[in-house]
Amino acid sequence: MHDSVIQTEGLSQRFGKQIALHEVSVAIPPGAIGLLGPNGAGKSTFMKCLLQLIKPTSGKAWLLGKDIAKAGREIRTRVGYAPEQDCHIPGMVGCEYVTYCAQLSGMPFQEARQRAHEMLDFVGMGQERYRMVDTYSTGMKQRVKLAQAIVHDPEIVFLDEPTNGLDPAGREQILELIRSLWVEHGISVVLSSHLLSDVERICDQIVIIALGSVLMQDRIDRLKAQRQPCTEIITESASEKTIACMQRAGWKATQLPNGHVQVEHDCSHLGPLIAALDADGITPLEMLQSPNQLETLFVQALETSHGHSL
Amino acid sequence: MGIPSSLYQHWTGQARGIWHRRLVVANQTLKGIWSNKWIRHLCLGAWVLCLAQSALLFGVGQLLVKESAIYSLVNQLDNQPRAIVSGLVSWILERPDLSVSSTYGLSFYYFTRWFQPLALVIVTLTIPTLISQDLSSRAIIIYRSKALGHRDYLIGKFMAIFGLLSFVWLLPAIHAWLLGCLLSPSWSFLWHARQALMQSVGFVVASMAFLSLLALGVSALSKREKATTIIWLVLWLVGHFLAKSQGEQYPWMAYLSLTHILDQWAICLFNPATHVSQLMENLPLLESFSSLTERWLRLPSANGMASLIAAGFMAGLSLITLKGKVKPE
């Protein structure tokens, strides 16, 4: 139990007749954890149950090795949370807000103020920190939400769609910061996002939730290894020639609607494919190893779940 | 341009306890309330009233000092008022235990009641800032995701409104008592007036706790700040109107009024009728001021139990509201 940052046993949540979470039992080790699922799948409910923002209908959960029902307040001193929706304390400028959040986690005022400024620097907030939070753009609100979630130096941080509303450059920055939280500072991250590329980029584990149940939970590299390696070959105009070349080598090759050739093979690297193409005089423009593999896994998991639900 | 992740450093300090966090909530709420200039003006008004009471008590003490300006002033009055004042002085000199107790008791009965509408207006102005604002800005999610439970958040908010009311009601009462006693010609006033202090503190603390709990409940009723203010005004003014207009015919209706409940507590605690009968007994000349004495003799009797039950019912409703409404969406 203590090897897991999150563990649940039969965790269920009902809202009237609607089942938001159904008998969820998982044990998730520390790391950067991606929480994937379509809208209404139960991702946010799962997070809220763990943070005790809502009381589970049944089941048990442990966060950082402690029972949430018995040590909820103590656990929350070690946990950060950036909710998806806009929420702030009214009438405060950014640095006051983050300072206040640090104090709510038990920091003395002087340390809270100093740390608030450090965290606002960390998330890339400049002079905007002296403006009222109510006047912030969506991107600034995302940054200030991240700052308040990590200001008390938590051991695990829950981020609900943290890149929503950010421009591409801002998104890159924030994703890099989130990645560094685990990779460089050892803070486990639970990232809920509908952007699979975000999850694939910064997470080393995924939990796929749909219809209130966990469909899949494992390390991303292990899940990918279970699938047949797949490569997309982009050529200038010789798609049919490429397909024929690959089939001759004994691999299944198909043309995708975008004109690229998808090859399912059993090679651990691209060397044999390049050699086969070279032998036929084909020069690929680009070769993408296992593109969209996470998306494929996600779609497959959803299809399986819908199949079961029918 | 990327942000260097080395800007993040682990915190190695020691986290403070739960009471520190509750105080942080109270302090922040008070800051929000204090930013309203009308609250600041009303607080000033409360302290002006406190000084007026101190001056009155100082005046009573000065009646015993023959060289004092007040003593000379009294000697310039007509015969009848002068005789009453002389009677009061003689009574104070003969039975300081009874006279000081009754004088201070009546003074605090009236003054603490004059503070009551002021406190109610202040509560009206604070209602939107207490919980309603946090509901509309979804700040509850932030509070609840920190190391604070539902109860801790409410305790913090309760401390904020209770603290503010203490500043405008309890502290002025204690201050007036202390100043009145310290400026009196005899230290014995401190002893003889102790009952008035205890009655005042008892009444004011109970009233503040009741009003604070109701204010939190009303503030949690809606996300819309104006709506909560209107609900509070309806609860206060309509209740008062019903108590006045229908209270005699339907006595239970009187207990729908906050002010009636508080008045009943004041009568139970201060027992002004006893002080009045003491005064009338020892200062028979007071009977010539028929309008005053008739008013005193008409002091209503109180039904302490009924007012406690009514207050308990209202407080219960408030707690139910707080339990049901103050939660993250």
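**Exercise 1. Into which domains is chain A divided?**

Before we start: this is a predicted model, where local features need pLDDT of at least 70, side-chain atom pairs count only at pLDDT 80 or more, and totals for chains, interfaces and linings use all residues. Residues are numbered from 1 along each chain as its sequence is written, and chains are lettered from A in the order in which they are written.

*Solution.* Chain A splits into domain 1 (6–224) and domain 2 (230–289); such bounds come from an automatic or database domain assignment. Taken over C-alpha atoms, the centres of domain 1 and domain 2 of chain A are 41 Å apart.

**Exercise 2. Work out the strand order of the open sheet of 4 strands in chain A, and find its edges.**

*Solution.* Strands are DSSP runs of E, at least two residues, and helices runs of H or I, at least four, numbered from the N terminus. Two strands pair if DSSP finds at least two bridges between them.

- Step 1: the order is β12-β13-β11-β14 (chain A), with antiparallel pairing.
- Step 2: β12 (252–255) and β14 (286–289) of chain A each have a single partner strand, so these two stand at the edges.
- Step 3: β12(A) pairs with β13(A) (residues 261–264) over 4 bridges, and Ala253(A) sits opposite Val263(A).

**Exercise 3. Find which element gives the largest share of the lining of the largest pocket, and sort the lining residues by class.**

*Solution.* α2(A) gives the largest share, 7 residues. The lining holds 9 nonpolar (Ala, Val, Leu, Ile, Met, Phe, Trp, Tyr, Cys and Pro), 12 charged (Asp, Glu, Lys and Arg) and 7 polar residues (the others, Gly among them). A pocket is an open set of points on a 1 Å grid over the protein atoms alone, where a 1.4 Å probe fits, with protein on both sides within 12 Å along at least five of seven lines; lining residues have an atom within 4 Å of a point.

Notes
Side-chain values use heavy atoms; hydrogens and water are left out.
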